[in-house]
Amino acid sequence: MTLAAFPSAFARAFRSLSRGLSGTLSRGIAKTALTAACLAASSSAAPDLTGPEARAFLGGRTGKIAYLKNQLKQIHFIDFSDSVLIEKKVSDDAYCWSPMISPDGKRIVYESQASIYIRVLEENSKDRFLIYSGIPTNGQSLEPHWWVNPKTGEEYILFCTGNVADVEWPPKSGQTYMQKIVANQPSGPLLTLLPFMMASGRSKNGLWGATSHHSTGMYKLYADKVENAFFGSTNWQDSGGWGACNGSISPSKDPLRQNRMMHLNSSLATAGGENFENHKAIIIRTYADKGVASPLWVMGIPGVHCNNDSSGNLFWDHSEWSTDEDYFTAVGSKVIENWTEADLYMGRINLAGESQIRRVLKGGGLNHYPHLWIKDGVLPAKINLGRSALSFVSLKKDTANPAPDTLAVSNGGDGTLPALTIGVLPSWLKVSVLANGGNAPKLVNRVDRAGLALGEYSATVKVSFGQGADSASYLVKFKYADPVLTSLRASPMNPVLRSGDTVRFQAVALDQTGAPLAPQPAISWEALDALPISAGGLVTGDSSHWSRYAFRASAGAVACTTHVQIARFLVRVDAGAAKDSVPAGWISDAVLDASPDASPAVKGAREAAAAALKVDLRTAADSAPSQVYRTIRRPSGAYAFDSLPNGRYAVRLHFVSAFPPASGAAPAAGLAVKLEGVRLLEDYRLPARPDTSGGNPYGLKGETRELQTTVGDGDGLKIEFEGASGDVAIAGLEVFDIGAIPISLKSPNGGETYHVGDTLHVRWDTDGFISSVGIQISPDSGKKWIPVTRRSAINQGQAGWGDYGWAIPDSLDGYSLATDKCLLSVYDYFGSDRDRSDRAFTITDIGTGLRRALPAAGLPDARFEGGRLAISLPRPGHYRASLIDLRGRIAASVEGRGPGALSLPLSGLNRGVYRLAITGEGLQVVRRITMMD
């Protein structure tokens with residue numbers, strides 16, 4: 001024995017004596033001798049952390065820690081879910097050892113005076129349940145552990161007998177037992193698991209076990225056995241025959257990580273040349289370790305392979321793996337195996353780097369043999385960053401720092417995201433956290449360029465919680481420079497021209513911040529297709545309808561592109577203008593207003609109150625002529641372009657800031673725009689009025705939005721406005737024809753008559769680019785549409801593509817289909833293109849169908865017989881009988897010849913209303929039947 005090991009040996013001898021004589025120590029001389037010490041050390045201490053801090057350290061989860069306190073060795077616990085953390089005493093049981101929390105966190109198993117008990121884990125627990133009663137023996141260690149059979153779910157208590165000072169391998173002084181538990185009571189006989197002492201528990205899959213007292217090693221077991229399960233073993237020697245102590249088996253759920261054990265060292269020299277003195281390292285080994293000097297993981301005292309908590313503690317004791325493989329508990333003290341005062345710790349394992357420790361209790365007496373339970377089935381909180389990088393640009397000529405940028409954070413785990421902390425930042429970067437402690441905090445990033453030289457800067461921002469229980473990082477770049485040409489912005493962007501119309505392109509050179517560069521460089525234009533462009537950017541539309549031509553603007557090596565599309569038809573509308581005061585090529589909206597309550601004289605228009613008001617078009621893409629912005633209309637009501645043929649259209653809307661009122665703030669209410677009944681622009685906020693101070697003559701700001709739609713109903717294009725009715729917004733709009741409809745409905749196209757129960761063939765063509773379609777039906781001339789294809793699209797190459805057979809039900813979604821106002825629509829399943837019947841067609845109800853189809857006599861008859869539907873066929877010929885549900889699906893079918901009978905099986909059919917369709921030899925019968933229990 002080394003000199004360093006002697007204090008440990010003496011303490012172990014005392015522990016062995018106290019275990020062996022625990023029955024004696026509870027009374028007589030021992031009781032008298034210890035009374036003063038017990039009373040002096042039995043007071044509770046305030047936990048050294050708060051509930052939120054504890055839960056953050058556990059990854060946003062909750063848990064409980066149980067431990068022995070004071071010289072009486074009474075069990076106490078702390079529940080981390082409490083709003084205020086306090087120590088709670090479980091009971092007055094004295095001289096307890098090895099408290100272990102159950103997998104469900106509701107109970108505790110422990111040994112006391114050579115017996116094993118279970119208690120409910122609560123303050124002042126009332127009842128205890130005896131699991132095993134033995135005879136006190138010198139040096140005996142029972143070490144009870146919970147184990148749940150992974151196949152049966154049965155619960156067991158594992159414990160061992162033997163002497164903790166046994167230096168043999170395997171230790172021969174005792175055995176390991178398993179006792180089945182039902183309702184906290186022993187059930188069945190005591191089973192012998194091993195003929196040796198196994199003090200560290202059993203892995204979840206039952207394959208691994210371990211022990212660590214004076215001998216330290218692991219067992220390999222037969223996983224499916226609860227008796228005589230020994231298969232093999234491996235052993236390490238840590239300091240001669242002393243080995244180590246306080247062993248525990250890995251609680252991992254992953255079978256590949258269950259062959260691990262944790263223990264406290266007596267001394268250790270690792271392969272990396274590190275030497276750890278007695279009780280100065282906690283170790284994790286695997287069954288396949290090469291030897292004593294090659295552990296999987298080593299953590300020294302505070303500051304050695306873990307954070308330094310400034311406690312000054314020099315020794316570890318009573319290490320124990322928690323119920324989660326990433327966490328453990330231990331006791332720290334300034335004196336080796338301190339039996340009068342010690343701190344309580346929980347730790348988080350990092351196999352690849354520095355581990356983390358967190359003190360739970362600071363002194364206040366002796367705290368020892370802790371065990372940590374972490375709530376299972378709860379994913380740790382996880383920091384998800386909305387972006388991985390941010391960038392800022394500031395120019396030397398600027399008078400202010402760049403605008404702040406906000407990065408959103410979300411929780412990718414369970415529970416609540418704990419409060420976030422930000423790592424060390426450079427002086428030029430400031431990060432603040434908004435809504436910290438919730439599941440949607442925001443990181444506001446600000447750059448301060450004070451004192452910085454021109455150049456490029458970068459920093460990695462580390463965001464974490466709970467001493468790194470989870471962390472994430474993002475990159476921030478900052479460029480501080482003189483303004484230089486960075487990009488070009490073409491205007492207008494992608495206009496639409498009629499044949500013979502002209503447009504003059506312009507391009508603005510922008511610096512790194514997106515602001516116009518001063519002075520502007522020379523810019524040249526070139527055509528990328530067959531349509532020419534002048535050196536000054538002038539383009540004239542040719543006669544190639546729907547063609548698209550591209551152009552490039554260049555200033556040195558910096559370039560941008562734009563294009564024109566040649567339209568076959570074009571309407572330009574000046575909103576709110578009098579008929580005789582519109583720009584050339586534009587019409588007044590007074591002739592188009594489709595609002596029911598529109599005044600013929602006003603049509604929702606309002607002239608600008610002051611002629612001095614101008615519109616800021618410097619940033620408006622594809623702006624209209626400036627005089628269009630002199631009048632406006634309220635964005636409510638609708639426009640109807642009745643004469644537009646079916647086709648695809650682009651609609652460009654010209655918005656301006658709201659006025660009056662004169663406030664520069666954008667309206668609180670959003671605007672919605674619908675084309676052909678489909679809402680394509682949601683909650684649009686009008687642009688805010690620009691700053692008119694300092695002589696800025698612009699009183700309004702212009703802005704454009706372009707939408708595309710398909711007209712396929714034969715009644716032209718309808719544009720509807722909703723919301724923001726109190727604010728003037730629309731200055732004008734343009735409608736462009738951009739091509740033919742790529743999908744065409746062939747039938748039914750109007751005028752046809754069908755009967756409920758008939759198979760209607762929906763036929764269509766596409767341009768080849770549409771590969772999936774859906775079908776809808778309207779029973780009221782297009783006011784409401786109901787899906788015919790509900791569960792999936794009809795795909796190119798499938799049966800039914802281009803010719804889809806649909807058995808007509810009598811109703812869909814509660815609406816009767818027996819009407820002369822039916823329309824069908826076939827549409828691109830992944831786009832907005834659609835076509836529908838040009839005119840309504842008719843579906844007749846069942847009664848009408850019977851009167852037209854059936855002769856006066858010789859009708860089939862149907863009746864229920866013993867779970868089947870018996871159908872009589874009085875006339876000769878071949879017949880088919882089908883049972884059809886209200887969605888048009890055939891639920892059962894049978895064929896046969898008459899005269900005679902058909903038998904339609906009904907087994908497996910749900911209750912409800914069906915249609916019985918019988919066809920054959922010039923006969924069609926449709927009847928409604930009801931299936932009941």
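This is a short tour of a predicted model, stop by stop, with a suggestion of what to select each time.

**The whole chain**

Start with everything shown as a cartoon. The protein has 933 residues, and 51% of them count as buried. Colour by secondary structure and you will be looking at five helices and 71 strands. Among contacts between residues at least 6 apart in sequence, 61% join residues at least 24 apart.

**Stop 1: phenylalanine 77**

Select residues 74–79, which make up strand β2, and pick out phenylalanine 77 within that strand. Is phenylalanine 77 buried or exposed? Its relative accessibility is 4%; the cut-off for buried is under 20%, so phenylalanine 77 counts as buried. Now show what surrounds this side chain. Beyond its neighbours within four places in sequence, phenylalanine 77 is in contact with Ile65, Ala66 and Tyr67, with Ile86, Glu87, Lys88 and Val90, and with Leu121, Glu122 and Glu123. If you like to check distances, try lysine 64: the C-alpha atoms of lysine 64 and phenylalanine 77 lie 6.9 Å apart, with their positions 13 residues apart in sequence.

**Stop 2: charges over rings**

Next, show arginine 128 and tyrosine 117 as sticks. Arginine 128 lies over the face of tyrosine 117, 3.8 Å from the ring centre. Then move to arginine 348 and phenylalanine 57. Here the charged end of arginine 348 sits over the phenylalanine 57 ring, at 4.6 Å from its centre.

**Stop 3: aromatic company**

Keep the sticks on and select Trp169, Phe196, Tyr219 and Phe230, which together form one aromatic cluster. The structure holds 24 aromatic pairs. For one of these pairs, select tryptophan 316 and tyrosine 345: their ring centres are 5.2 Å apart and their planes meet at 85°, so this pair is edge-to-face. The two residues come from distant parts of the chain, 29 residues apart, with tryptophan 316 in strand β22 (residues 315–321) and tyrosine 345 in strand β24 (residues 343–348). Tryptophan 316 and tyrosine 345 are both buried.

**Stop 4: a four-stranded sheet**

Go back to the cartoon and find the open sheet ordered β16-β17-β20-β21, whose strands pair antiparallel. Which strands stand at the edges? They are β16 (244–249) and β21 (297–300); each has a single partner strand, so one side of each is left without a neighbour in the sheet. From one strand to the next, the twist averages 20°. Zoom in on β16 and its partner β17 (residues 260–265), which run antiparallel and are joined by four bridges. Along this pairing, alanine 244 has asparagine 265 in β17 as its bridge partner.

While you are here, select cysteine 245. This cysteine has 0% relative accessibility and therefore counts as buried. Cysteine 306, at 4%, counts as buried too. How many disulfides are there? The count comes to zero.

**Stop 5: an enclosed strand**

Select residues 671–675, strand β50. Five of the five residues are buried, so this strand is largely enclosed by the rest of the structure. Turn on the side chains: Leu671, Val673 and Leu675 point one way, while Ala672 and Lys674 point the other way. In general, side chains in a regular strand alternate between the two faces of the sheet.

Now add the partners of β50. Strand β51 (residues 678–684) runs antiparallel to β50, with four bridges joining them; valine 673 stands opposite leucine 681 there. The hairpin of these two strands has two residues between them, and glutamate 676 takes a positive phi near 55°. Strand β53 (residues 717–722) also pairs with β50 in the antiparallel sense, over four bridges. In β53, isoleucine 719 is the bridge partner of leucine 675.

**Stop 6: a three-stranded sheet**

For the last stop, find the open, antiparallel sheet with the order β55-β57-β61. Its edges are β55 (743–747) and β61 (803–807), each with a single partner strand, so one side of each has no neighbour in the sheet. Neighbouring strands are turned by 30° against each other on average, direction ignored. Select β57 (residues 759–766) together with β61 to see an antiparallel pairing over five bridges. Finish with leucine 760, which stands opposite tryptophan 806 in β61.

Notes
Residues numbered from 1 in each chain as written. Predicted model: local features only at pLDDT ≥ 70, side-chain atom pairs only at ≥ 80, totals over all residues. Heavy atoms only, no water. Pairing = 2+ DSSP bridges. Axes fitted to C-alpha atoms, helices over the stretch in contact; angles between N-to-C directions. Buried < 20%, exposed > 50% of the residue type's maximum accessible area, 1.4 Å probe, protein only. Phe/Tyr/Trp six-rings, centres within 6.5 Å; stacked < 30°, edge-to-face > 60°. Lys NZ or Arg CZ within 6 Å of the ring centre and 35° of its normal. Disulfide = S-S within 2.5 Å. Contact = heavy atoms within 4.5 Å.
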